[in-house]
Amino acid sequence: MFATVMPSLKALFLPLLHKFIHTDFHEAVARMTLIDRLLFLIIHSIDKLGIWHRLPVILGLLYLAIRRHLHEEYNLLNVGKTPVGVRFNPADFPFRTADGKFNDPFNEGAGSAGTFFGRNILPVEQKSKLLRPDPMVVATKLLARRELINTGKQFNVVAASWIQFMIHDWIDHLEDTQQIELNAPKEVASLCPLKSFKFYKTKEVPTGFYEIKNGHLNTRTPWWDGSAIYGSNAEKLKKVRTFKDGKLKISEDGLLLQDQDGYAISGDVRNSWAGVSTLQALFVQEHNAVCDALKKEYQDLDDEELYHHARLVTSAVIAKIHTIDWTVELLKTDTLRAGMRANWYGVLGKRFKDTFGHVGGAALGGLVGLKKPNNHGVPYSLTEEFVSVYRMHSLLPDYLDLRDVNAKPGPNKSPPSTDKVDMSDLIGRKGEAALSEIGFTRQMVSMGHQACGALELWNYPLWLRDVIPQDIDGQDIPEHVDLPALEVYRDRERSVARYNDFRRGLLLIPISKWEDLTDDKEAITVLHDVYGNDVEELDLLVGLMAEKKIKGFAISETAFIIFLVMATRRLEADRFFTSNFNEETYTKKGLEWVNTTENLKDVLDRHYPKMTKTWMNSTSAFTVWDAPPDAHNPIPIYLRVPH
Ligand code: HEM
């Protein structure tokens, strides 16, 4: 009876619904279930008013929960084949493997190194307009930094390094052997540091499927498994382990060890710099401290077992810091603070979870510790769109403002500046040598006290317009590249939708004129100059930088929607954060370690007990360290109203 009534109900409802929704979504809505159509109508009505972030926290969370549900239903697209094999017994693999295999019991390869990037939106083929408008024109006129725009006190260079540290855990495209060359058109050539440059195509691999015919491979394991320090394969892992008491190699000065050629020994050193290397070193220290603690508690654990448990614990500490410390500073509003903490602890909160354990489903008890992983019917991967919204090179400054950590602290615990070191001198092998001179504490404190760049137009570092890229082993590739121009090209080459289609794909109202994107008169003039009146041609990267930001957000709303679905997925689809987030897998001591570490400051305090006491005034290690600590707000977070 219900089954016969439903289709006619749906057909009746659709024309009525169309009256209330933007014409661009009629097709998408036609594919939704009746309930989802209603849910879409709710968020779409709120979007038309542009007010979700100004709603009381509880309503804002409801809006985000509905959005996340719709994206989980309609924006997770598999690329490549889903093997139909015998399921393995997760008990045979109670640890993270070197290449990320054997996490999903129904699909042993899911999330492993060398698998396809998934998609959130269907590919939008752009082969005929790879050079339209010219990427070097876009980079020169709209992206290149004129004068640094920073994020004020909100976000510091530790935060910029942190996200690069995460990128090195999650994603990297496999390249082809065929080269492409881009030439600067006359109109901008005099302003381009490189008049032409060559780079390797992204490797395109047939998927064997009709809808998404080709895909690209991720050389890193997309699981949140600490592969930036452990590597994404057995060979790399072997290089970083000591094979004694489960520990990883580290130098006596607390920094990464270097090989005979001066390259850092770590899980992933490609296109890296001293800031990332410092964080890698910190988490190697963390891993080794976990090994010590476990060995003391459980004397019969051997090297292999200690390594496996310590990796689980360290990876979970990293994921937790990212979720409830880094992201909370990036999206500094009460609604997101409540939302991110709910992802980890559930709305019942930390105190409840610490006392009673995980109770209820994802909403009440949080994603971490769920009884079963949930991949929403799509094998786990990170996506092309995810890579594109993480193109955040504008976070990087032009130089590192080195501080004197032997001086007496000034106002708000600030150390005096001594030297300015060009960022280009801190990358790769050169950067490792410089870091050895600078030392861990001075590097960390200097990064802590320096604001990072803002994700805005005209803020892409010029030193990245003539940079030497590296191969997968961190060795220099002879050809220099113009990174902002290359990034514009990459999104097109990888068939990632341009800005307006990207928004449509995410059920966000598209722009119809430049004024919908930004209030900046000069930006409108230059957008017009580069793209004419055709807002459909706007490149994603440019749109993300130009978009008016929500108050407190360091990223655009468009990028945030990808975060909303993928940040959840990284935890929810992983059995080591769900069914295996238990004492049996982590050990009692190990689980306690994760549960009692709340933020990056806790990790710094563990290894450098004097550092934050002397030099950090702020509450979070990701805000500029001389910022005032967060003020106490007596109103419970769920009852707050943004102002
Ligand atoms: C010293 C600092 C950095 C250097 C030298 C650097 C350099 C590079 C280079 C050469 C590429 C490859 C470009 C290509 O061939 O497509 C790349 C890719 C990328 N970088 Fe950076 N980068 C740095 C910092 C950052 C930061 C702070 C972020 C922030 C999230 C970031 C995010 C990315 C992403 C998402 C990609 C694309 C990866 C892929 O294609 O799979 N990078 N970077």
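1. How many Å separate the centres of domain 1 and domain 2, taken over C-alpha atoms? In this predicted model, the two centres lie 33 Å apart, where domain 1 covers residues 2-74 and domain 2 is made up of 115-321 together with 368-615.

2. Contact between the domains draws on 14 residues from domain 1 and 11 residues from domain 2. On the side of domain 1 that touches domain 2, H3 and H4 each supply at least two residues, and H4 gives the most, with 6 residues. Sorted by class, that side of domain 1 holds 5 nonpolar, 3 polar and 6 charged residues.

3. Helix H4, residues 57-74, deserves its own point. With 18 residues at 1.5 Å a residue, H4 should span 26 Å, and its end C-alpha atoms are indeed 26 Å apart, so expectation and model agree. The buried residues in H4 are Val57, Gly60, Leu61, Leu64, Arg67 and His71; seen down the helix axis they fall within an arc of 125 degrees, and therefore line one face of H4. Among the elements that cover these buried residues are helix H3 (34-49), helix H12 (334-345) and helix H23 (557-572).

4. As for the ligand, 23 residues surround it, and the closest are Gln164, Asn271, Trp273, Met392 and Pro469. The elements that contribute two or more residues to this shell are helix H6 (157-170) and helix H18 (483-493), with the largest share, 4 residues, coming from H6. By class, the shell around the ligand comprises 16 nonpolar, 4 polar and 3 charged residues.

Technical notes. Residues are numbered from 1 along each chain as its sequence is written. This is a predicted model: local features need pLDDT of at least 70, side-chain atom pairs count only at pLDDT 80 or more; totals for chains, interfaces and linings use all residues. The expected span of a helix is 1.5 Å times one less than its number of residues. A residue is buried if 20 or more other C-beta atoms lie within 10 Å of its own, exposed if 12 or fewer, and partly exposed in between; C-beta atoms are placed from the backbone. The arc is that of the directions from the helix axis to the C-beta atoms. Two residues are in contact if their C-beta atoms, placed from the backbone, lie within 7 Å. A residue is near a molecule or strand if its C-beta atom, placed from the backbone, lies within 6 Å of it. Ala, Val, Leu, Ile, Met, Phe, Trp, Tyr, Cys and Pro count as nonpolar, Asp, Glu, Lys and Arg as charged, and the others, Gly among them, as polar. Domain bounds come from an automatic or database domain assignment.
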